[in-house]
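Please walk me through this protein model, from single residues outward to the fold and its largest pocket. I would like the cut-offs behind each term to be given along the way.

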Amino acid sequence: MEGQYHEHSKSALPDHQISMPEPVDYEVSPASSSWSDPMNWPVFDFRYKYREYFAEFWGTFILILFGNGVVATVTVNTSNAASSYLAISFGWGIGLTMALYVSMGISGGHLNPAVSVANAIFGKFQWRKVPGYVLAQVLGAFVAAATVYGIFKSQFDEFDGGNRQLSGEFGTGGIWCTYAKDGNGKFFSAFSEIINTAVLLFVIYAIGDDRMTPAKNHLPIAIGLLVFAIGNCTGWVTGYAINPARDFGPRIFSTILYGSEPFTAGGHYFWVPTFMPFVGAVVGIFCYQFFILPESKKRN
């Protein structure tokens, strides 16, 4: 759902730069037998070479662990039903903040295939890295969903008697991925996902733009608050996927529990949260770069 948006290499940025965290670089010390230094742990060269992909995997893992976890909590703990949606919005927003602290300094904290692809389209991210980022994000989401299931397995059994159901009074399908509210057609659901993802990218660009009022040193908090606002204000009708990995990875996991129903439910609704965020991300970046022009003079 969420994430940062650019490549570490400053040469890939326009003349007016949108601020971003510098990648963490390591100075390799002489070989030592001390295990207190992670550089002496096995396969350091491999871990360092693919550190950006590991950061995307673990960042997305943390995001989904918090996000799916809070939905699982309010699903099986019905005593707080009145405040459940607010709790969900907080959980996703705070989860994203923590996920960005894990990943942003290394990979840029995309955590979202729509962010990676849209930034590659606008020349702010290298296309050669897109497949690895997307794979890491989807895998991180899948593993996190499986982890949440392990944490809550006993409570799910108490809740539904061991009979897993996608929807209904004892349904648990909405824990893992998004489904439109009853009566919300695919057109308006697609429109919702496009607009919410566009707003996500539009505002992320603003709060990271040095020409504006950037949230320097506080980007994870600002972006987490943004996702909280989207969820609390305009995300209810579709569950605000705004991130194909956040929806698709756990959706694949949920087929273990419900068979093919997560992909066939709602007239194969899955394509809306899987593909519409890509459109929204491109729209959001385009609108920001086309309309928000803080320079006092035109370029020659």
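Ile88 lies in helix H3, where helices are DSSP runs of H or I with at least four residues, strands are runs of E with at least two, and both are numbered from the N terminus. This is a predicted model, in which local features need pLDDT of at least 70 and side-chain atom pairs count only at pLDDT 80 or more, whereas totals for chains, interfaces and linings use all residues. Residues are numbered from 1 along each chain as its sequence is written, and side-chain values use heavy atoms, with hydrogens and water left out.

With a relative accessibility of 15%, Ile88 counts as buried, a word that means under 20% relative accessible area, while exposed means over 50% and partly exposed covers what is in between, computed with a 1.4 Å probe on protein chains only. Leaving aside neighbours within four places in sequence, Ile88 is in contact with Val70, Val71, Val74 and Tyr240, contact meaning heavy atoms within 4.5 Å. One of these partners, Val71, is 17 residues from Ile88 in sequence, and the two C-alpha atoms are 6.0 Å apart in space.

Gly69 can be read in a similar way. This glycine lies in helix H2 and is buried, with a relative accessible area of 10%. Its C-alpha atom is separated by 8.2 Å from that of Gly91, which is 22 residues away along the chain. When residues up to four places away in sequence are not counted, Gly69 touches Ile64, Val148 and Phe152.

Further along the chain, Thr178 is found in the loop between helix H5 (130-160) and helix H6 (186-207). Is Thr178 buried or exposed? Its relative accessible area is 4%, so Thr178 is buried. The side chain of Thr178 makes a polar contact with the side chain of Asp247 at 2.7 Å; such a contact is a pair of N or O atoms within 3.5 Å, and within protein one atom must be able to donate a hydrogen and the other to accept it, while residues adjacent in sequence count only if both atoms are side-chain atoms. Asp247 is also one of the residues that Thr178 touches, a list that, without residues up to four places away in sequence, further includes Thr238, Gly239, Ala241, Arg246, Arg251, Tyr269 and Pro273.

Ser189 lies in helix H6 and is buried, with a relative accessible area of 0%. The side chain of Ser189 reaches the backbone oxygen of Gly185 at 2.9 Å. Apart from neighbours within four places in sequence, Ser189 is in contact with Ala180, Asn184, Thr238, Tyr269 and Val272. Thr238 and Tyr269 are also among the residues touched by Thr178.

Two residues deserve a look for their backbone angles. Val43, in the segment before helix H1 (44-49), has a positive phi of about 50 degrees although it is not a glycine, and Val43 is exposed, with a relative accessible area of 56%. Leu111, in the loop between H3 and helix H4 (113-121), likewise is not a glycine and has a positive phi of about 60 degrees, but Leu111 counts as buried at 0% relative accessibility.

Turning to the whole fold, the protein chain has 10 helices and zero strands. Of its 300 residues, 48% count as buried. Among contacts with a separation of 6 or more, 76% are between residues 24 or more positions apart. The accessible surface of the protein chain comes to about 14200 Å², of which 65% belongs to carbon and sulfur atoms, as computed by the Shrake-Rupley method with a 1.4 Å probe, where for residues only the protein chains shown count as cover.

The largest pocket holds about 970 Å³ of space. A pocket is defined on a 1 Å grid over the protein atoms alone, as an open set of points where a 1.4 Å probe fits, with protein on both sides within 12 Å along at least five of seven lines, and lining residues have an atom within 4 Å of a point. Of the 36 residues that line the largest pocket, Gly174, Ile175, Cys177, Tyr179 and Lys181 are the closest to its centre. Helix H2 (51-76), helix H3 (84-107), H6 and helix H9 (261-268) are the elements that give two or more residues to this lining, and H3 gives the most, with four residues.

Terms used
Grid points are joined across faces, edges and corners, and a volume is the space filled by probe spheres set on the points.
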